[in-house]
Structure formats: structure tokens, C-alpha cells
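Good morning, and thank you for coming. Please look at the sequence and the model on the screen while I speak.

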Amino acid sequence: MDSRTPLGRQKPKLMYTGVSATEKGWLSEPHRHEFTEVSFLKEGSGKLLIDKETYPLKKGDLVILNRGTLHSEFVDENAPHEMIFVAFDNLRADDGNILKNKNFCIVPTGDSYDAFLGYFTQLLNEEDRNAAFSDAIRERLVQIILLLILRMAENDLNLVFNKSSAFIEAKDYFDQHFTEIDSLQDVCDALYINRFYLTHIFKEQTGVPPVKYITSKRMELAQQLLSSGDLDIGVIAKQCGYTDAPYFCRVFKKTTGQTPLQFRYNAKLKKNN
């Protein structure tokens, strides 16, 4: 089929449907399909691996993968998981269609979650029943699902996955765990993201590398603790994520231009004046 044919005018052939449900971990090794696949994350969260880069997935996300796209999915261990997937032959979703000339996209269904869930569930039921008119009903359901995806693409030009989603996830992690992070590699392992990619997108969005952002968060906390009480410097260092108090003092002075004791003294002067 001519890949330039608009998605709404193509006649995809439904190859199969299925459900993937597992507790945690990678669902498979990185692999390619000779068909187009549409997946719907009914429950849970995780990651999508595309050509060595990872992208976050959440409940309600649709994943559209063109044939030949190297990919794998990871399921977070802290959430139940269920993904419905549909395989199509005779379908291309790029060249001016929903993928905007890319090999994949992630579409958050948002308020349309229940509608998509209903259509995917009915599609699975018709696959199992093999009753009268099941083939025709499946064909109509497939058309409805694809048309709904197209409608969402018409209403939102930002459906194709954007690096900002990975940045937001990383920033949220830094903001919640900045006192616990021992190395940037620990963050990459937790988020299943490449270290160089993480550094690139974070610096691109904030203007500073991740390590400098973590340090700034720790120094903000240190200034709050120094200004609000008389805790021992070693205790403050540990609360800010430093096991070595002298090193903490050096970082603090380099950042603020004052030692922790000088900062505390000046903070008290300001309060008393």
C-alpha cells in the first residue's frame, strides 16, 4: 500500500488482538514487527524502549508503532499491569498521518479513556466469540478506534511524544529524592533512561546539568535548616544528602560565598533587625 494514503482511507487488516498482563519487568527483548501495532495501557505504568531511548507510559496511554520499529516495554513493579494490543497488516501510520513522519507515538487518551476501553474490550470479546457477524463487527470497531485516534490528532498537534515528558518525570524524581541520590547513574537506573540522554534533555530544558540541579536543591534545604534552628552542621549535612560534613561545607561555601556558620550567623542578624 502507498504509505502516503491517509490513515482514515486505508483498509487495515486485523491480524490478531491480545492482552499482556505481568507483575513487573521487561515484557520482551527489543524486537521488531512486520506489522503496525496499536497498544492500549488499560492499567499500570512503565516505560517504552525505542532504539535505546526510554519514554514513560501511564494508564490510558495509546502506543502506535509502525512496522520495523525496534521496541520493548517495561512494567513498573509498584503497579498492576494490563495492556491490550492490536496488530494490523496493510497499514502505515506515517507520512502526514498521526505519527507525523515518525516511527511511533504515545497518545494520552485522557477523558476518552472509557471510550477506548469499551471499544478495545468489545474487540477482544468479538475475537473470542467467533459468532455471527463477528468479522464485520471487528472491522467496524477497528475503524472506530483508528478514527478516534485521528480525531485526537486533529485536536492536539502535540500528541507525538515530546522530550518534555521525560524531562518532567526526571525533574519530579529529583525534587522528591534529591537528598537520597548517590549518583546520576542511580537516577538513570530508577527511570530506565540513558545517562547521556537524561543530561541532554535536562540541560536543554533548565540550562543546567542534572548534578548541578541536585546540588542547588540541597543548598536550598541547607539554607532553610541553617536559618530555622541550631542543628549541628554534621546533622544538617546528612539531612541534605552529604555523609561528609567537611565536603558539605566546601560545597556550601562555593555555592553561597559563606560557610554554613557564617550563613547561620547572618541569618540570625537579619531576623533580629
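I shall begin with the whole chain and then turn to its aromatic rings.

This is a predicted model, in which local features need pLDDT of at least 70, side-chain atom pairs count only at pLDDT 80 or more, and totals for chains, interfaces and linings use all residues. Residues are numbered from 1 along each chain as its sequence is written, and side-chain values use heavy atoms, leaving out hydrogens and water.

The chain has nine helices and nine strands; these are DSSP runs, numbered from the N terminus, with at least four residues for a helix (H or I) and at least two for a strand (E). Of its 273 residues, 42% count as buried. Buried means under 20% relative accessible area, exposed over 50%, and partly exposed in between, with a 1.4 Å probe and protein chains only.

How many aromatic pairs does the structure hold? There are 12 aromatic pairs. Rings of Phe, Tyr and Trp (its six-membered ring) pair if their centres lie within 6.5 Å; planes under 30 degrees apart count as stacked, over 60 as edge-to-face, and the rest as tilted.

In one pair, the ring centres of Tyr 16 and Phe 35 are 5.7 Å apart and the planes stand at 80 degrees, so this pair is edge-to-face. Tyr 16 belongs to strand E1, whereas Phe 35 lies in the loop between E2 and E3. Tyr 16 is partly exposed at 31%, while Phe 35 is buried at 11%.

Phe 252 and Phe 263 also form an edge-to-face pair, because their planes are at 80 degrees, with centres 5.5 Å apart. Phe 252 is in helix H8 and Phe 263 in helix H9.
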